[in-house]
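Visitor: I would like a close look at a single part of this structure, the sheet and what lies around it. Please take me through it step by step.

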Amino acid sequence: MDFFDQEAHAQKQTRRLIWLFGLAVLAFVVFAYFIFAVPFLIFFEPLKIGSDGFFKWLWDARVAFWITVTTLIPISLGCLYKFRLLAAGGSVVAELLGGRRIEENPNDPKEKQLRDVVEEMAVASQMSVPEIYVLDRERGINAFAAGHTREDVAIGVTLGAMKLLTRDELQGIVAHEFSHVLNGDTRLNMKLMALAHGLSWPTILGRILVRGSTQAPEIGESIFDSEDSPTFMPTAPIGILFLTMGAVSLPFVRALKSAICREREWLADSSAVQFTRNPAGISGALKKIGGLYKAARLDSPFAETASHLYFANSDFEPWLDFMATHPPLEKRISAIDPYFDGQFQHINSLPREKKDDSPEVKLDNLYEENVRRAREEAKLREESE
């Protein structure tokens, strides 16, 4: 596919996105009318059903007008706000999700391995090395690529992916994300992220109010961990109200993302195999996601707004298939590994991190300080002798 074919395909996808978004907004307005307006009419005008007929009783133009206005204004403001925020490129998305940028010469071996893998894929793709981010508070296995052009792209990887995957598996998911960049998916995904925000901002605000923070919980305090009991803030009742509002729009957002992005995941998987010449890499990463309790789920309250960017589903699998932003893991693995038996081997989660002010950490720090002093004294004695 040459440049002009890519440009024509991108324009076609953009037009399709706008049409689907318009249909999603229309469906949401109609749904909101039946959810909020019809109970109001039933309560205040119960006698109209017998005199004017059921349909005329159900419809009130004034109520419909105000429902439409009060729905479209926040949707429009949410879209405009997100378009302006995302104009700076993929790094904005990475930082929004709690990412920490990796320097050119990191000291941590795992971070160095990640940078090496990204640099190798950049050379293979004939691209400049994008900015690399690690989502330090995310223990699930996931990754994403975000950006408008190849020059402002950022690659993000969760801490779980960086720590739990082998080099080949890490290379597989990074190659998957690079294929999205090369195929022009990231540009479309950024537009979709801005448009979807207009419908999904109540869910984001609700999660922030329930948690009392815009950040994901620290390692060991995940709301998705089975052994933990979530802590609710005083603002939780208001947050639950916004979550209820968001629950009305969420199916339309998910359906929109699925219609635009889901089929592109198959192409990205096959391109990753072509890039790496190692099907076991990406299939191994998918198998580890299936065997990990946390899977690919993210804890950031902003995770939903970028759910179509990720390597795998960032939430629990939806009951309805059309609402899934990614194909099922089993089907993706079977397409790469025909001998896959559908069974996932259990993968141990990352260990919990101790609090900085806990007695265990204080003892560890004291021990390390004593060891350091002993080594310095031994070195001084050697030099004096």
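Guide: What follows starts at the sheet and moves outward to the helices, the cores and the salt bridges. Keep in mind that this is a predicted model.

The sheet is open and has 4 strands, in the order β1-β2-β4-β3, with mixed pairing. At its edges stand β1 (99-101) and β3 (143-146). Each of these edge strands has a single partner strand, so one side of each has no neighbour in the sheet. On average, neighbouring strands are turned by 25 degrees against each other, direction ignored.

Take β1 and its partner. The strands β1 and β2 (residues 131-135) run antiparallel and are joined by 3 bridges. Here Arg 100 stands opposite Val 134 in β2. Arg 100 also belongs to a network of salt bridges with Glu 111 and Asp 136.

Next come the helices on the sheet. Helix α6 packs on it and touches β1, β2 and β4 (154-158). The direction of α6 makes about 140 degrees with that of β2. Helix α8 lies across β3 and β4, and runs at about 25 degrees to β3.

Two residues of α6 show what this packing involves. Arg 115 lies in α6, which covers residues 109-125. Its relative accessible area is 7%, and because the limit for buried is under 20%, Arg 115 counts as buried. Leaving aside neighbours within four places in sequence, Arg 115 is in contact with Ile 102, Glu 103, Glu 104, Pro 106, Val 129 and Ile 132. Leu 114, with the same kind of neighbours left aside, is in contact with Ile 102, Ile 132, Val 134, Val 157, Met 162, Leu 170 and Val 174.

Leu 114 leads to the nonpolar core. In soluble globular proteins, nonpolar side chains tend to be buried together. The largest nonpolar core here has 44 residues, and Leu 114, Val 157, Ile 173, Val 174, Phe 178, Ile 289 and Phe 311 touch the most other members. Helix α8 gives the largest share of this core, 7 residues. Apart from it lies another core, of 21 residues, among them Ala 146, Met 193, Ala 194 and Ile 208.

Ile 289 is also one of the buried residues of helix α11. That helix spans residues 279-291 and reaches 18 Å from its first C-alpha to its last. What covers its buried residues includes α8 (167-182), along with α7 (159-164), α10 (236-276) and α12 (329-336).

The two helices on the sheet are also linked to each other by charge. The side chains of Glu 120 and Arg 167 meet in a salt bridge, at 2.5 Å from N to O. Glu 120 is in α6 and Arg 167 in α8, so the pair ties together parts 47 residues apart in sequence. Glu 120 counts as partly exposed at 32% relative accessibility, and Arg 167 counts as partly exposed at 31%.

A search of the whole structure finds 11 salt bridges. One of the others joins Arg 264 and Asp 185, whose closest N and O atoms are 2.9 Å apart. Arg 264 is in helix α10 and Asp 185 in helix α9, 79 residues apart. Both ends count as buried: Arg 264 at 18% relative accessibility and Asp 185 at 6%.

Key. Residues numbered from 1 in each chain as written. Predicted model: local features only at pLDDT ≥ 70, side-chain atom pairs only at ≥ 80, totals over all residues. Heavy atoms only, no water. Buried < 20%, exposed > 50% of the residue type's maximum accessible area, 1.4 Å probe, protein only. Contact = heavy atoms within 4.5 Å. Expected span 1.5 Å × (residues − 1). Pairing = 2+ DSSP bridges. Axes fitted to C-alpha atoms, helices over the stretch in contact; angles between N-to-C directions. Core = buried A, V, L, I, M, F, W, Y, C linked by side-chain atoms within 4.5 Å. Salt bridge = Lys/Arg side-chain N within 4 Å of Asp/Glu carboxyl O.
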